[in-house]
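Me: I would like to work through this structure by question and answer, with each reply reasoned out before it ends on the value or name asked for.

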Amino acid sequence: MSKYLAYREIVFRDRQLLLDSLADLGFSNVDMGDDLPLYGYQGDRRSETAALVVRRQDVGSGSNDLGFAKSEGGYFPIISEYDKGTLLAGQFLPRLRVAYAERVVETVRKRLRGSVHRVTDGSLVKLRVRY
Amino acid sequence: MPELEFTIGTASGEFQLHVHGIAGPACDDVAKLVKKLLGNPSHDEATAEYRLRPGVRIRSLANTRAKRA
């Protein structure tokens, strides 16, 4: 059984942008509520709860539920050790942060009615918004 | 022309914003919106260029929360 880890230092402030970012990564089916229980890959209920949950069936074979708990600053991920290491080749959390950041940029661009120019430099993506 | 330069580290998910050529209150509006969506930055400063060019404010925001090992 893979234990759950809570990443309280990774906070996504805006719920809709987080949902959009999850959809960008292919996880568009998300349960929403208060204190939703998390289940492990064998259907075993765990002690952890979350406000947003991607159910294990939508995560992958052998996966556990993937949750986001609400804190004062936003939503933080609760992910099993197994899924952290295997989901999206172990890049789930960095890729989610990138997807969220890109959603933030798009939100700002729309608000300013600007244009965006994208440049990739190695592992860095630079997005310049002009308006 | 006002420009916002966002830098995203694809390996870490770290996020930086540099605001160029935007006068004070408008710059604060942009910074406020980004903070609303990202949270308070780990680092926030008016750069040296701002001090050299009165009336044009350049800010640097970094959201670089530590990654758990």
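Me: In this predicted model, is G43(A) buried or exposed?
Reply: G43(A) sits in the loop that lies between β2 (31-39) and β3 (45-54) of chain A. A residue counts as exposed if 12 or fewer other C-beta atoms lie within 10 Å of its own. Because G43(A) has 7 C-beta neighbours inside 10 Å, the class that applies to G43(A) is exposed.

Me: Which element gives the largest share of the side of chain B that touches chain A?
Reply: The contact draws 22 residues from chain B and 29 residues from chain A. On the side of chain B that touches chain A, the elements giving two or more residues are β1 (3-9) and α1 (24-38) of chain B. The largest share there, seven residues, is that of β1(B).

Me: Which residue of β1(B) stands opposite V129(A)?
Reply: Strand β7 (residues 124-130) of chain A pairs with β1(B) in the antiparallel sense, over seven bridges. In β1(B), the residue that stands opposite V129(A) is L4(B).

Me: Which residue in β2(B) is the bridge partner of E3(B)?
Reply: Within chain B, β1(B) and strand β2 (residues 15-22) run antiparallel and are joined by six bridges. The hairpin of these two strands has five residues between them, and in this hairpin G13(B) takes a positive phi near 80°. For E3(B), the bridge partner in β2(B) is H20(B).

Key: Residues are numbered from 1 along each chain as its sequence is written. Chains are lettered from A and ligands numbered from 1 in the order in which they are written. This is a predicted model: local features need pLDDT of at least 70, side-chain atom pairs count only at pLDDT 80 or more; totals for chains, interfaces and linings use all residues. Two residues are in contact if their C-beta atoms, placed from the backbone, lie within 7 Å. Helices (H or I, at least four residues) and strands (E, at least two) are DSSP runs, numbered from the N terminus. Two strands pair if DSSP finds at least two bridges between them. A residue is buried if 20 or more other C-beta atoms lie within 10 Å of its own, exposed if 12 or fewer, and partly exposed in between; C-beta atoms are placed from the backbone.
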